[in-house]
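Please open the structure in your viewer and keep the sequence panel visible beside it. This tour proposes a series of selections and describes what is found at each.

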Amino acid sequence: MNLKAQTYLVRLFFLSLISFASAQEMPNSLRVKSNQLVKAPYLKKGDTIAIVAPAGILMNREASIEKAKRLVESWGLHVVLGEHLYVQGSHFAGSDEERAADFQKALDNKNIKAIWSARGGYGSVRILDLLDFSTFKKHPKWIVGYSDITAIHSHVHNLGFETLHAMMATSLEEDPKETKKTIASFKSALFGESLSYQVSPNDLNRKGSAEGQLVGGNLTMLLTMLGSKSEIDTRGKILFIEEIGEYKYHIDRMLQSLKRAGYFENCKGLIIGDMTKIKKNTTPWGESIESLILEVVAEYDFPVLFDFPAGHEADNQAIILGRTIEMDVTEQHATVLFMQN
């Protein structure tokens, strides 16, 4: 062995020792498994939450936003509103630049501990590439919403951070009798309380148990992310999907697209949330949503859980995307347990 090779091996040995020593000195709270996403600090009384509108227009929704503001203030939180929250830019809550500016300001403000989407609709994908997550990576915070906000969830997930799929500010327009669990689960998730769900058994559930990171969200948005840097990786993970206002053949088409993209190849489980307001086509599809989904994933052996209470219904309970969960589906019960990091 020549001198150059000997020098290289000695250097490599000492670098290994240094890396090992650094790992040993690192506090347990900072040691993160390679497949474990970063959890933002849970909220506590006195913290600040920002309400912004990254997508659809908020026309005549001031009363709803005020109601949302009062709700989280009753939990001991402070609230700031996006500067352009009520700007009307055709279909959107202001221009792409205005919506991105509000979101960016919330990302960069270290005093803001959560960013709560006022509503979904459409438009989040248009601002993704305008956002700079540099400060967020150093000072992570919870990003909250569902539906169109799936675009942001997926993007942030790929940056290595957990997000919160939960009610939005305008969700308070729903019947208060039907949103009690929605609101309670949102608060529990924000403040770091344990999350676990007992789901009513569905005869079409596919039995089994699985453990893995929960990923996903709105089916249309997952399809929209395909081929981009915001496309999620489902390998070794549990996929959650929900949808609203689509024909059954649209749902089948989207699922077939995800299948061809490999989403179910090494998936460990599938959780189906609300499939709301399914449209009727002039040519009947001929089978239920459950049967449609089971046909798409027939060749795989992971468990499938239907009727999880999350999506476009008043009972829209909070889930942590990027968090490891345990799902157990039997004839008698179906449970979903979120692990405490």
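## The hairpin near the end of the chain

Begin by selecting E12 and strand E13 (residues 334-338), two antiparallel strands joined by five bridges. The model on screen is a predicted one. Follow the backbone from E12 into E13: the two are linked as a hairpin through four residues.

Now show the side chains of strand E12, residues 324-329. Which residues lie on its covered face, and which on its uncovered face? Ile325, Met327 and Val329 make up the covered face, while Thr324, Glu326 and Asp328 make up the uncovered one. This pattern can be understood because side chains in a regular strand alternate between the two faces of the sheet.

Keep Glu326 selected and look towards E13, where Leu337 stands opposite Glu326. Next, add strand E7 (residues 208-218), which runs antiparallel to E12 and is joined to E12 by six bridges. Here Glu326 is the bridge partner of Glu211.

## The six-stranded sheet

Hide the previous selection and display strands E2, E1, E3, E4, E5 and E11. In that order, these six strands form an open sheet with mixed pairing. Which strands stand at the edges? They are strand E2 (78-81) and strand E11 (319-321); each has a single partner strand, so one side of each is left without a neighbour in the sheet. Viewed from one strand to the next, the sheet has a twist that averages 25°.

For a pair within this sheet, select E3 (residues 112-117) and E4 (residues 142-145), which are parallel and joined by three bridges. Ala114 has Trp142 in E4 as its bridge partner.

## Helices across the sheet

Add helix H2, residues 62-73. Helix H2 lies across strand E1 (48-52), E2 and E3, and runs at about 155° to E2. Then add helix H7, residues 180-190, which lies across E1, E3, E4 and strand E5 (163-165). The angle between H7 and E5 is about 175°.

## Two residues with positive phi

Most residues other than glycine have a negative phi. The next two selections have positive values.

Select Ser147, in the loop between E4 and helix H6 (150-159). Its phi is near 60°, although Ser147 is not a glycine. Is Ser147 buried or exposed? Ser147 has a relative accessible area of 10%, so this residue is buried, the cut-off for buried being under 20%.

Move on to Asp307, in the loop between strand E10 (304-305) and E11. Asp307 is likewise not a glycine, and its phi is positive at about 70°. With 42% relative accessibility, Asp307 counts as partly exposed.

## The whole protein

Finally, select everything and zoom out. The protein contains 10 helices and 13 strands. Its C-alpha atoms fill a box of roughly 80 × 50 × 35 Å along the principal axes. How does the radius of gyration relate to that of a compact globule? A compact globule with 341 residues would have a value near 20 Å, and the protein has 22 Å, which agrees.

Colour the residues by accessibility: 50% of the 341 residues count as buried. The protein exposes about 16,500 Å², of which carbon and sulfur atoms supply 51%. As a last view, display the contacts between residues at least 6 apart in sequence; 79% of these join residues at least 24 apart.

Key: Residues are numbered from 1 along each chain as its sequence is written. Side-chain values use heavy atoms; hydrogens and water are left out. Two strands pair if DSSP finds at least two bridges between them. Axes are lines fitted to C-alpha atoms, for helices over the stretch in contact, and angles run from 0 to 180 degrees between N-to-C directions. Contact means heavy atoms within 4.5 Å. Buried means under 20% relative accessible area, exposed over 50%, partly exposed in between (1.4 Å probe, protein chains only). The radius of gyration is taken over C-alpha atoms; the globule rule is 2.2 Å times the number of residues to the power 0.38. Accessible areas come from the Shrake-Rupley method with a 1.4 Å probe; for residues, only the protein chains shown count as cover.
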